[in-house]
Protein chains: 2
Amino acid sequence: MPHIALPEGLQGIRSAMAFRPETAKPLNELVEILLHAPNSLSPGERELIATYVSSRNDCYFCQTIHGAIAAASLNDDEDLVRQVKTDFMQAKISSKLKALLVIAGKVQMGGKHVTEQDVADARAAGATDMEIHDTVLIAAAFCMYNRYVDGLATWQPVDDALYRERGKKVAREGYVQMSREYIPSETPTR
Amino acid sequence: MPHIALPEGLQGIRSAMAFRPETAKPLNELVEILLHAPNSLSPGERELIATYVSSRNDCYFCQTIHGAIAAASLNDDEDLVRQVKTDFMQAKISSKLKALLVIAGKVQMGGKHVTEQDVADARAAGATDMEIHDTVLIAAAFCMYNRYVDGLATWQPVDDALYRERGKKVAREGYVQMSREYIPSETPTR
């Protein structure tokens, strides 16, 4: 049961966002830019970074929904998503994405764990400064989203079909658009 | 030296925000709502939560600037800020804020560390569901900001006077207003 009186019937972060629409707005805008907006890293690659970090933080809701969005963005390749979570070095992904996942894993432990060598390796594999920046911020942001979801003990039903269906919708429409379904009303623009 | 080519002369998160104004916008809006906007928890109390979490994450920039903003909001009581970082149970703060700091410390370790008892204790000390929600999200958000600042190895000069002066300005004007100084141009509203 959630630690506070969250709206019922909404999974994971959606219940917390419906409870507090004012903070939901920047939280959705941030994830929209980081994972869905046009970028030299594909949506699938960025969703894999988010899924990997959420898996390391042991957040069931986030690793499952972002794993489903990643799969929906990657020809429904659920095996690839599982492989990235368990041993990404053996996964069929680019050496650039592997180097970025190393950085993401360091950020998950704490920002100071990222070394100059980690960054040099990512650059040698073709990563740009913007891609390194976005990887650090995606990993950092999921250390927030994961703690938000679990720190309130949100309802997280175990139902693969539900996450799979939702993943396809978010992959198609994005976060800000989908959030209109469960956030009561637009908060005024500042 | 920063891991990527961040603009020079800007400390900590400001250099990263100037590098990527698109993500700076929701990052500033989030911290504005959490720490500066009207709330039943005072700005000083919320800044103490942010400072405490940043201290636990060993982020020099964040604990110093938010410590300075907290002090500026609390009659310049820098001793109180130090006491909260080192042993908040002995600090001259309310029992409600102590119970919320316990929750914030748990969130810093990971969301699942927060127990029903922690939440019951906060409620018994007078905390509302909204205050518990905001405490969880402030703690989670600083697990992001701290990792963003240190994961990019941003420039963090050691200069108490600089942070003290900046702290007074942010306490007065807020985050979104101050960010206009170092973010090149407004990004278009979505």
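Started with E131(A), and found it in helix α8 of chain A, residues 129-151. Note to self: this is a predicted model.

Is E131(A) buried or exposed? I get 3% relative accessibility, so E131(A) goes down as buried; the cut-off for that is under 20%.

Next I looked up what its side chain pairs with. The E131(A) side chain has a polar contact with the side chain of K96(A), at 3.1 Å. I then skipped the neighbours within four places in sequence and listed what else touches E131(A): S40(A), L41(A), K96(A), L100(A) and G126(A). So K96(A) turns up in both lookups.Over to chain B and helix α5, residues 78-87. I noted L80(B), V81(B) and V84(B) as buried there. Looking down the axis of α5(B), I see the buried residues within an arc of 105°, so they line one face of the helix. On the other side of α5(B) I have D79(B) and T86(B), both exposed.

What covers the buried residues of α5(B)? My list includes three helices of chain B: α3 (43-56), α4 (60-73) and α6 (95-109).

Last, I checked how the two chains relate. I can lay chain B on chain A with a turn of 180° and a shift of 0.0 Å along the axis, and the RMSD comes out at 0.0 Å. That is how a two-fold axis relates copies. In chain B, the C-alpha nearest the axis belongs to P26(B), 2.3 Å away from it.

I also compared the interfaces. Of the interface residues of chain B, 100% are interface residues in chain A too, so the copies meet through the same surface.

Methods: Residues are numbered from 1 along each chain as its sequence is written. Chains are lettered from A and ligands numbered from 1 in the order in which they are written. This is a predicted model: local features need pLDDT of at least 70, side-chain atom pairs count only at pLDDT 80 or more; totals for chains, interfaces and linings use all residues. Side-chain values use heavy atoms; hydrogens and water are left out. Buried means under 20% relative accessible area, exposed over 50%, partly exposed in between (1.4 Å probe, protein chains only). Helices (H or I, at least four residues) and strands (E, at least two) are DSSP runs, numbered from the N terminus. The arc is that of the directions from the helix axis to the C-beta atoms. Contact means heavy atoms within 4.5 Å. Copies are superposed by least squares on the C-alpha atoms of residues with pLDDT of at least 70 in both. A polar contact is a pair of N or O atoms within 3.5 Å; within protein, one must be able to donate a hydrogen and the other to accept it, and residues adjacent in sequence count only if both atoms are side-chain atoms.
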